[in-house]
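This report looks at one residue in a loop, one helix with a covered side, and one pair of helices.

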Amino acid sequence: MTEKFIPITDIRQQAVPLPSVGLMQAATGQLLDSLQRPLRDLRISVTDRCNFRCVYCMPKEIFDQNYQYLPHADLLNFEEITRLARIFVAHGVKKIRLTGGEPLLRKNIEQLIAMLANLRTVDGAPLDLSLTTNGSLLAKKALSLKNAGLGRITVSLDAINDDVFRRMNDVDYRVDQVLAGIAAAEAAGLGPVKVNMVVKAGINDSQIVPMAEYFKHSPHILRFIEYMDVGASNGWRMGEVVTADQILQRLQQADMQLATLDANYPGETARRWKHLHHAGEIGIISSVTQAFCGDCSRIRLSTEGQLYTCLFATRGYDLRPLLRSARVSSDQELADGIASVWQQRSDRYSELRSSDTFVPASVSKKIEMSYIGG
């Protein structure tokens, strides 16, 4: 029997309230979790919808015409998102990334970008404001995104061969259309563009070297990502992971001349290399085989206001009632609740997964990546 059974449990509505807080405390920008990790990165999902059906994220067998997306009224509006973002920034967030689903499907996304671009860190500096996209609408929107205040962009591209890429996105979308979006982003000043390739054994791993060959002549940063066990809909198996070491070995066997680069900042997810004789840079993100939980500084806000402290979370904390209840909570109450969540945070799923004693939780309980972004 070769077919996969993919159990699905919709846990979007299983969030719990923010923990109750006693003494009010001022936000200092130095919030630490229980493992002494600072809060620095906020990832905001602006939609749970996507126009691709990538096999590792939103496979057609699950996300078909009958799949129930969140109704628009449930989504946080731009004012609510900005209000929460301002509170997170007061707690020390320096980087905000907009995700999805496909964030460029959110109507008037430029308005939200402009609102977030006005925020300043506790040091008075502009935010590092970025967005991750599949590139399908990027050629049309790159300039307006830049003009609204977006600083950087990451594009998902899982193959440079058109046939392989069409099989990966499963909606017959062409490589040249994504490349046109990357070119438009570069022309608009959103470079260097990060290009993310999720590598799945037997599906697109043949594209590791061709992708590196293609982008080594460009100023863009190509990043290979180990296929991860996020959510339940992709039917993840360890045997389908091409490890970071294997990816690097394939590049070296193809006579890629690479030199190691230092991390840009603490908590960077990718190990980095540069081409010795070309302009390009390569990164490898290895959350399966070489976990980087130890300095993870990321928190995630779902499109309807649930807060997740880990990409592999099984539950969130519901912020929306505090924004919309009969007695709308004050910024201080929200700030205290968010602080309490982070201070209690002890997540290190990938480190535990790599240990010999790890017993995985039921796959039906993990939140989907398409719901809270990557």
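In this predicted model, isoleucine 203 has a relative accessibility of 35% and therefore counts as partly exposed, since that class lies between the 20% limit for buried and the 50% limit for exposed. Isoleucine 203 sits in the loop that joins strand 6 (194-199) to helix 6 (208-215). Leaving aside residues up to four places away in sequence, isoleucine 203 touches Val55, Val164 and Met168. From isoleucine 203 to methionine 168 the distance is 7.7 Å, C-alpha to C-alpha, although 35 residues separate the two in sequence.

Helix 6 follows this loop. Its residues Ile208, Met211, Ala212 and Phe215 are buried. These four span an arc of only 100° around the axis, so they lie on the same side of helix 6. The elements that cover the buried residues of helix 6 include those in the table.

| Element | Residues |
|---|---|
| Helix 5 | 175-188 |
| Strand 7 | 221-226 |
| Helix 7 | 244-253 |
| Strand 9 | 270-275 |
| Strand 10 | 281-285 |

Strand 6 also belongs to this cover.

Elsewhere in the chain, helix 1 (residues 78-90) packs against helix 9 (residues 331-344) at an angle of about 60°, and their axes are 10 Å apart. The two helices are therefore oblique to each other. Their crossing is right-handed. Helix 1 contributes Arg83, Leu84, Ile87 and Phe88 to the contact, and helix 9 contributes Asp331, Leu334, Ala335 and Ile338. Of the residues in this contact, 6 are nonpolar, 2 are charged and none is polar.

Methods. Residues numbered from 1 in each chain as written. Predicted model: local features only at pLDDT ≥ 70, side-chain atom pairs only at ≥ 80, totals over all residues. Heavy atoms only, no water. Axes fitted to C-alpha atoms, helices over the stretch in contact; angles between N-to-C directions. Parallel < 35°, antiparallel > 145°, perpendicular 65-115°, else oblique. Left-handed = near helix turned anticlockwise from the far one by under 90°. Contact = heavy atoms within 4.5 Å. Nonpolar A, V, L, I, M, F, W, Y, C, P; charged D, E, K, R; others polar. Buried < 20%, exposed > 50% of the residue type's maximum accessible area, 1.4 Å probe, protein only. Arc of directions from axis to C-beta.
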